[in-house]
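User: I would like to go through this structure with you and ask, term by term, what each label rests on.

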Amino acid sequence: QVQLVESGGGLVQPGESLRLSCVVSERIFSISAMAWYRQARGKQRELVAAITAGGGTNYLDSVKGRFTISRHNAGNTVYLQMNSLKPEDTAVYYCYAPSFRAWGQGTQVTVSS
């Protein structure tokens, strides 16, 4: 069973940065697309960023230019670098492996002054 373990969430002030990490247990991580989703309280889960096995990326319009998704295949890890954070970025962030239909447990990101 594939396991995804996220880390890196926390409480920051507007304008600050965080980097989320997701370690995947599956050895074929390197040929798998990966994604980050988020769910704010009372809202539906939404796709924030995705990266293909070849490194192609796409982003939610509201995070373009501020967030960067990347991957380190040797470490079976996918990252989400979040800069210039805004209060509206507050949510639980989830790592997702579509090839395995597997979700991480989620990590809380709170942006507040």
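User: Before the details, how many disulfides does the count come to, and what makes a pair a disulfide?

Analyst: This is a predicted model, in which local features need pLDDT of at least 70 and side-chain atom pairs count only at pLDDT 80 or more, whereas totals for chains, interfaces and linings use all residues. Residues are numbered from 1 along each chain as its sequence is written, and side-chain values use heavy atoms, with hydrogens and water left out. A disulfide is a pair of cysteine sulfur atoms within 2.5 Å, and by this rule the count comes to one. Cys 22 and Cys 95 are joined with an S to S distance of 2.1 Å, which is within the 2.5 Å limit and is therefore called a disulfide. The angle about the S-S bond is -85 degrees, and the link of Cys 22 and Cys 95 is left-handed.

User: Where do Cys 22 and Cys 95 lie in the chain?

Analyst: They link distant parts of the chain, with Cys 22 in strand 3 (residues 18-24) and Cys 95 in strand 9 (residues 91-97), 73 residues apart. Strands here are DSSP runs of E with at least two residues, and helices are runs of H or I with at least four, both numbered from the N terminus. On that basis the protein has zero helices and eleven strands.

User: Why is Cys 22 called buried or exposed?

Analyst: Buried means under 20% relative accessible area, exposed means over 50%, and partly exposed lies in between, with a 1.4 Å probe and protein chains only. Cys 22 has a relative accessible area of 0% and so counts as buried, and Cys 95, at 0% as well, is therefore also buried. Across the protein, buried residues make up 41% of the 113 residues.

User: What makes a group of residues a nonpolar core, and which residues touch the most other members of the largest one?

Analyst: A nonpolar core is a set of buried Ala, Val, Leu, Ile, Met, Phe, Trp, Tyr and Cys residues joined through side-chain atoms within 4.5 Å. The largest such core has 27 residues, and those touching the most other members are Leu 4, Met 34, Trp 36, Val 78, Leu 80, Met 82 and Tyr 93. Strands that each supply at least two residues of this core include strand 4 (34-39), strand 8 (77-82) and strand 9. Contact means heavy atoms within 4.5 Å, and beyond its neighbours within four places in sequence, Met 82 is in contact with several residues, among them Leu 18, Leu 20, Phe 67, Tyr 93 and Val 109.

User: How do you know that Arg 38 and Glu 46 meet in a salt bridge?

Analyst: A salt bridge is a side-chain nitrogen of Lys or Arg within 4 Å of a carboxyl oxygen of Asp or Glu. The N to O distance between the side chains of Arg 38 and Glu 46 is 2.8 Å, which is within the 4 Å cut-off, so the pair qualifies. Arg 38 is buried because its relative accessible area is 5%, whereas Glu 46, at 31%, is partly exposed. Arg 38 also meets Asp 89 in a salt bridge at 3.0 Å, N to O. That pair links distant parts of the chain, with Asp 89 in the loop between strand 8 and strand 9 and Arg 38 in strand 4, 51 residues apart.

User: What is the salt bridge of Asp 61 and Lys 64 like, and which residues do shared partners join into one network?

Analyst: The side chains of Asp 61 and Lys 64 meet at 3.0 Å, N to O; Asp 61 is exposed because its relative accessible area is 60%, and Lys 64, at 48%, is partly exposed. Salt bridges that share partners join Arg 38, Glu 46, Arg 66 and Asp 89 into one network.
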